[in-house]
Amino acid sequence: MREFVVLGTASQVPTRTRNHNGYVLHWDGEGLLFDPGEGTQRQMIQAGVSASQITRICVTHVHGDHCFGLPGVLSRMALDRVEHPIHLHYPASGEDMIRALVAVASPGIDLRLHPHGSAGPVAAGVEVRPLFHRIETYGYRVVEPDGRSLLPERLAAAGITGPDVSVLQRDGILGGVRLEDVSAPRPGQSFAFVMDTAPCAGAEELAAGVDLLVAESTFSDDDGDLAAQYRHLTAGQAGAVAATAEAGMLILTHFSSRYTDVSMLEGQARARSGAAAVVAANDLDRVPFPKRQRWG
Ligand SMILES: [Zn+2]
């Protein structure tokens, strides 16, 4: 199962309708929790996500709205006797903050700290790129390896059935029939998480060709001077990242509390997003992972 769950959509200041940041990506057997802000434990309950479903926590940077939910979530994992390892990724310069937050959490879980200080892979299928914010910040990209999809009618025509299908997939050839003859390339699905940043190369690289891009859009285009001053994206800039990257779908989030209606931001992003579909996220939204867009 692949699904994106929105726990919170506010930036620095939560509102009556928007909790601080927090997102869960269900990715086959993995549960990736991104940027758990305050209140994440309770938002998980509201969203129907259990602590035991989380296997990996990815923090973009150590501003409070992206990590103050850590002690609560980790303590809940201890209470629920989560036994599998929890991998925690964060920028190396945030070590003191992360260790302080971890130190006040209940002990008892198998927590593994993975600081990173440069672009590259941080786990199988997960990589980071530096963003451009007021403190060290990294965005994340989750990628499934490319594979091949079997074509049932060609399998049938070749007379390959039952256990022989697995043999063909394993060996690549069976009785003169090659895997390529009875299957088509299937590009891996991909996901990018671009949080607090001004426009930068890292954001473009993370988003390149992804099926689903989640990007901050703290400010309206009308407040572009504030966005530049605090190194954030405007909604239009987030849309432009999606267009340049040829992303399939863009989810906007991390809204400033000054906007009670974010439909204007959605419109600004859509005006510049090219072919990418645009959705302004609300707390507790569940988004089925969009279809692969890199076919052929
Ligand atoms: Zn933030």
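1. A disulfide here means a pair of cysteine sulfur atoms within 2.5 Å. Keep that cut-off in mind for cysteine 58: its sulfur lies 14 Å from the closest cysteine sulfur, that of cysteine 67, which is too far for a bond. Do bear in mind as you read on that this is a predicted model.

2. Cysteine 200 tells a similar story. The closest cysteine sulfur to its own belongs to cysteine 58, at 18 Å, again too far for a bond. Searching the whole structure turns up zero disulfides. As for their surroundings, cysteine 58 is buried, with a relative accessible area of 0%, and cysteine 200 also counts as buried, at 18% relative accessibility.

3. Now to the metal. The zinc ion takes its protein donors from Asp65 (OD), His66 (NE2), Asp196 (OD) and His254 (NE2), at 2.0 to 2.3 Å. Along the sequence, these donor residues follow the spacing D-H-x129-D-x57-H. Aspartate 65 sits in the loop between strand E4 (56–58) and helix H2 (70–79), while histidine 254 sits in the loop between strand E16 (249–253) and helix H9 (263–272), so this pair ties together parts that are 189 residues apart in sequence.

4. What is the arrangement of the four donor atoms around the zinc ion? It is irregular, because the angles they subtend run from 90 to 167 degrees. For four donors to count as tetrahedral, all angles would have to lie between 85 and 135 degrees. Two of the donor residues can also be placed by accessibility: aspartate 65 is buried at 10%, and histidine 254 is buried at 1%.

5. Next, the sheet. Seven strands make up an open sheet with mixed pairing, ordered E6-E5-E4-E3-E2-E1-E18. Why is one side of E6 and of strand E18 (286–288) left without a neighbour in the sheet? Both stand at the edges and each has a single partner strand, so one side of each has no neighbour there. From one strand to the next, the twist averages 20 degrees.

6. The E6 edge is worth a look in your viewer. Strand E5 (residues 86–91) runs parallel to strand E6 (residues 111–116), and the two pair over six bridges. Within that pairing, histidine 87 has arginine 112 of E6 as its bridge partner. Between the two strands the chain passes through helix H3 (residues 95–103), giving a β-α-β crossover that is right-handed.

7. At the E18 edge, strand E1 (residues 2–8) pairs with E18 in the antiparallel sense, over three bridges. Here phenylalanine 4 has valine 287 of E18 as its bridge partner.

Definitions and conventions:
Residues are numbered from 1 along each chain as its sequence is written. This is a predicted model: local features need pLDDT of at least 70, side-chain atom pairs count only at pLDDT 80 or more; totals for chains, interfaces and linings use all residues. Side-chain values use heavy atoms; hydrogens and water are left out. Donors are N, O and S atoms within 2.8 Å of the metal (3.2 Å for Na, K and Ca); water is not among the atoms, so sites may look incomplete. Four donors count as tetrahedral if all angles lie between 85 and 135 degrees; four count as square planar and six as octahedral if opposite donors are over 155 degrees apart and all others between 65 and 115; anything else is irregular. Helices (H or I, at least four residues) and strands (E, at least two) are DSSP runs, numbered from the N terminus. Buried means under 20% relative accessible area, exposed over 50%, partly exposed in between (1.4 Å probe, protein chains only). Two strands pair if DSSP finds at least two bridges between them. A crossover is right-handed if, with the strands pointing away from the viewer, the path from the first strand over the helix to the second runs clockwise. Axes are lines fitted to C-alpha atoms, for helices over the stretch in contact, and angles run from 0 to 180 degrees between N-to-C directions.
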